[in-house]
Amino acid sequence: LERQGDLRRMLEHQLQRLDRDWVHFYLFHGIGWDNFWELDAQTGWIRDMFRAQEEGLVRHVGFSFHDEPQAMIDLVNLGWAELVTCQYNYLDRRNEVAMRYAASKGVAVVVMGPVGGGRLAVLPKGVAERTGWSAQSAAELALRFVASNPDVDVMLSGMNSVEMVEQNVMAVEKGPLAPAQVQEIAALMDYYGRLAKLYCTGCQYCLPCPQNVNIPRVFELFNYLTVYGLEEYARREYARLMGKGQDASHCIECETCLERCPQSLPIPERLKEAHAALSAGA
Ligand code: SF4
Ligand code: SF4
């Protein structure tokens with residue numbers, strides 16, 4: 001959407017391509033508090049959206065969300081949306097309170113990334129011991145954790161084979177986890193989260209680095225490796241970072257980032273440590 005009236009033009013084009021007079025759900029991608037208003041000033045999309053609903057071209061509207069949780073609450077309070085799609089899994093429960101709020105206001109909650117983009121296809125360390133869960137059922141645990149949240153209406157999980165579809169259906173049909181298991185996992189992840197934040201909060205104040213080192217991402221992956229025990233995922237993603245030339249090996253110790261870090265982390269030193277661990281065996 002760039003110009004006034006773009007939403008209307010796009011919608012008419014989409015209906016034509018779909019060969020439909022109207023659609024049940026119309027979803028807006030990547031809506032946050034700022035772009036909700038900025039885009040409207042530029043394109044008048046809010047007016048066009050209400051008009052499309054009044055005319056029956058669209059029955060229900062919703063949005064996918066990547067902003068801070070408070071922004072979801074604020075967007076829900078505007079009363080325009082009937083559905084929100086957001087990230088949620090047992091490794092990342094940032095949106096939990098906002099999801100509860102949305103559900104309490106009758107807004108449907110759709111979760112994307114229930115297996116954490118593949119991170120939870122293996123069990124973080126300590127989970128098997130605490131829950132008695134086997135490593136083979138890691139994805140099932142992740143799906144059933146999300147399914148245990150009463151505020152979740154729909155869970156979206158990427159599947160690329162019939163076998164995966166069958167496995168996921170079987171997992172969900174087993175129903176929610178026992179409340180004690182949910183609490184165990186949540187408590188362990190909260191503990192890991194606190195440990196990880198002691199190291200780097202991911203605030204990004206250290207960026208940009210003149211050498212293009214993605215400092216917060218390197219530390220995040222180092223945390224996945226050392227705190228959560230997600231070795232395969234951490235090393236695979238670090239290899240990807242190396243492919244983009246954003247890994248820690250490019251640090252020239254210029255120290256530009258040091259004074260910007262509110263955690264006073266000795267960044268160049270920690271980067272060396274992270275690189276040695278994450279690139280081992282590469
Ligand atoms: S010390 Fe390293 S990471 Fe920090 S700004 Fe300089 S090159 Fe980038
Ligand atoms: S400024 Fe410090 S705490 Fe923030 S992302 Fe960079 S290294 Fe992490």
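Me: Two strands pair if DSSP finds at least two bridges between them. With that in mind, in what order do the strands of the open sheet stand?

Reply: Please note at the outset that this is a predicted model. In its open sheet, five strands follow the order 1-2-3-4-5, and the pairing is parallel. Strand 1 (23-28) and strand 5 (154-156) are the edge strands, since each of them pairs on one side only. From one strand to the next, the twist averages 25°.

Me: What else, beyond the sheet, does the protein chain contain?

Reply: The protein chain holds 12 helices together with five strands. Along the principal axes, its C-alpha atoms fill a box of roughly 60 × 50 × 35 Å. Of the 282 residues, 44% are buried.

Me: How should I read the contacts of a chain in terms of sequence, and what share of them here joins residues 24 or more positions apart?

Reply: One takes the contacts with a separation of 6 or more and asks how many of them link residues 24 or more positions apart; in this protein chain the share is 69%.

Me: Let us return to the sheet. How many bridges join strand 3 to each of its partners?

Reply: Strand 2 (residues 58-64) is joined to strand 3 by three bridges, and these two strands run parallel. Strand 3 is joined to strand 4 (residues 108-112) by five bridges, again in parallel. Individual partners can be named as well. F63 has V84 of strand 3 as its bridge partner. C86 stands opposite V111 of strand 4, and Q87 has M112, also in strand 4, as its bridge partner.

Me: Is strand 3 largely enclosed or open to the outside?

Reply: The general idea is to compare each residue with a cut-off: a residue counts as buried when its relative accessible area is under 20%. In strand 3 (residues 83-87), four of the five residues are buried, and the strand is therefore largely enclosed by the rest of the structure. When you look at such a strand, remember that in a regular strand the side chains alternate between the two faces of the sheet.

Me: Which helix packs on the sheet, and which strands does it touch?

Reply: Helix 5 (residues 96-104) packs there, touching strand 3 and strand 4. Its direction makes about 150° with that of strand 4.

Me: May we examine a single residue of strand 4? Is A108 buried or partly exposed?

Reply: A108 belongs to strand 4. Its relative accessible area is 23%, so A108 is partly exposed. Apart from neighbours within four places in sequence, A108 is in contact with E82, L83, V84 and D153. The C-alpha atom of A108 also lies 8.2 Å from that of V154, although these residues are 46 residues apart along the chain.

Me: How does one read the packing of two helices, and at what angle do helix 10 and helix 11 pack?

Reply: One considers the angle between the axes and the distance separating them. Helix 10 (residues 215-226) and helix 11 (residues 231-243) pack at about 160°, and their axes are 8 Å apart. Because angles over 145 degrees count as roughly antiparallel, helix 10 is roughly antiparallel to helix 11. The crossing of helix 10 with helix 11 is left-handed.

Me: Which residues make the contact between these two helices?

Reply: Helix 10 contributes R217, V218, L221, Y224 and L225. Helix 11 contributes E231, Y233, A234, R235, E237, Y238 and L241. Sorted by class, the contact has eight nonpolar and four charged residues, with no polar ones.

Me: Which peptide bond is cis, and where does its proline lie?

Reply: For this feature one consults the angle omega. The bond from L207 to P208 is cis, with omega near 0°. P208 is placed in the loop between helix 9 (179-199) and helix 10.

Me: Finally, which residues in the loop between helix 11 and helix 12 have a positive phi?

Reply: Two may be named, E253 and E255. E253, a residue other than glycine, has phi near 60°, and E255, likewise not a glycine, has a phi of about 70°. E253 is found in the loop between helix 11 and helix 12 (267-278), and that loop also holds E255. E253 has a relative accessible area of 43% and is partly exposed. E255, at 47%, counts as partly exposed too.

How values were computed
Residues numbered from 1 in each chain as written. Chains lettered and ligands numbered in written order. Predicted model: local features only at pLDDT ≥ 70, side-chain atom pairs only at ≥ 80, totals over all residues. Heavy atoms only, no water. Axes fitted to C-alpha atoms, helices over the stretch in contact; angles between N-to-C directions. Parallel < 35°, antiparallel > 145°, perpendicular 65-115°, else oblique. Left-handed = near helix turned anticlockwise from the far one by under 90°. Contact = heavy atoms within 4.5 Å. Nonpolar A, V, L, I, M, F, W, Y, C, P; charged D, E, K, R; others polar. Buried < 20%, exposed > 50% of the residue type's maximum accessible area, 1.4 Å probe, protein only.
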